[in-house]
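Let's take a walk through this model, starting with the overall outline and working down to single side chains. Have the viewer open and turn the chain as you read.

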Amino acid sequence: MSERSAQGRYRLRTTSIAVLTLAVVLGTISAVVQNATALDQISLLGFPLGFYLLAQGLLIAIVAAGFWVTSLQNRADIAFIESDEV
């Protein structure tokens, strides 16, 4: 039964990491899209900020989120492997 418990916690942690990441990424994308006109009033490197974020900034943020999620998942995997309950 303890093995099921450890596996259940691992699955829950993995699922919560995935859901949290999707929520943050989709929330960020929708916030930028909804506020693109207002963000265009600010200039970054000679480009309107809304345009820059939609063209490059969100892609950079998604890649950074991918690395962050990978590190979180790696920690969860190591904790599951090293747990005494397995």
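Start with the outline of this predicted model. A compact globule of 86 residues would have a radius of gyration near 12 Å, but this chain comes in at 19 Å. The C-alpha trace tells you how that extent is spread out: along the principal axes it spans about 60 × 20 × 15 Å. Buried residues account for 19% of the 86 residues. Among contacts with a separation of 6 or more, 60% are between residues 24 or more positions apart.

What is the chain built from? It has three helices and two strands, and from the N terminus on they run α-α-β-β-α.

Now pick out helix α3, residues 49-82. With 34 residues at 1.5 Å a residue, α3 should span 50 Å, and its end C-alpha atoms are 46 Å apart, which agrees. Look along α3 to Gly57 and you'll find a bend of about 45 degrees. Gly57 is also one of the buried residues of α3, a set including Leu58, Ala65, Val69, Leu72 and Gln73. Some of those positions are spaced in a familiar way: an α-helix has 3.6 residues a turn, so residues three or four places apart point the same way.

What does α3 meet? Helix α1, residues 2-34, is a good place to look, and Thr21 sits in it. Thr21 is at 14% relative accessibility, under the 20% cut-off, so it counts as buried. Leaving out residues up to four places away in sequence, Thr21 touches Trp68 and Val69; Val69 is on the buried list of α3. The side chain of Thr21 also reaches the backbone oxygen of Ile17, at 2.7 Å.

Ile17 turns up again when you come from the other side. Gln73, in helix α3, is in contact with Tyr10, Thr14 and Ile17 once its neighbours within four places in sequence are set aside. Is Gln73 buried or exposed? Its relative accessible area is 19%, and since buried means under 20%, Gln73 is buried.

Move along α1 to Thr28, and the picture is a bit more open: Thr28 is partly exposed, at 36% relative accessibility. The C-alpha atoms of Thr28 and Ala61 are 33 residues apart along the chain and separated by 9.2 Å.

Next, the rings. How many aromatic pairs are there? The count comes to two. Tyr10 and Phe80 are stacked, 4.5 Å centre to centre with 25 degrees between the planes. Because Tyr10 lies in α1 and Phe80 in α3, this pair ties together parts that are 70 residues apart in sequence. Tyr10, which you met as a contact of Gln73, is partly exposed at 24% relative accessibility. Phe47 and Phe51 make a tilted pair, with 5.9 Å between centres and 40 degrees between planes. Phe47 is partly exposed at 41% relative accessible area, and so is Phe51 at 48%.

Finish at the loop between β1 (43-44) and β2 (47-48), where you'll find Leu45. Leu45 has a phi near 55 degrees, a positive value in a residue other than glycine. Is Leu45 buried or exposed? With a relative accessible area of 68%, over the 50% cut-off, Leu45 is exposed.

Terms used: Residues numbered from 1 in each chain as written. Predicted model: local features only at pLDDT ≥ 70, side-chain atom pairs only at ≥ 80, totals over all residues. Heavy atoms only, no water. Helix = DSSP H or I, 4+ residues; strand = E, 2+ residues; numbered from the N terminus. Buried < 20%, exposed > 50% of the residue type's maximum accessible area, 1.4 Å probe, protein only. Polar contact = N/O pair within 3.5 Å; in protein donor to acceptor, adjacent residues only side chain to side chain. Contact = heavy atoms within 4.5 Å. Expected span 1.5 Å × (residues − 1). Bend = angle between axes of the 7 residues up to and from the residue. Phe/Tyr/Trp six-rings, centres within 6.5 Å; stacked < 30°, edge-to-face > 60°. Rg over C-alpha atoms; globule rule 2.2 N^0.38 Å.
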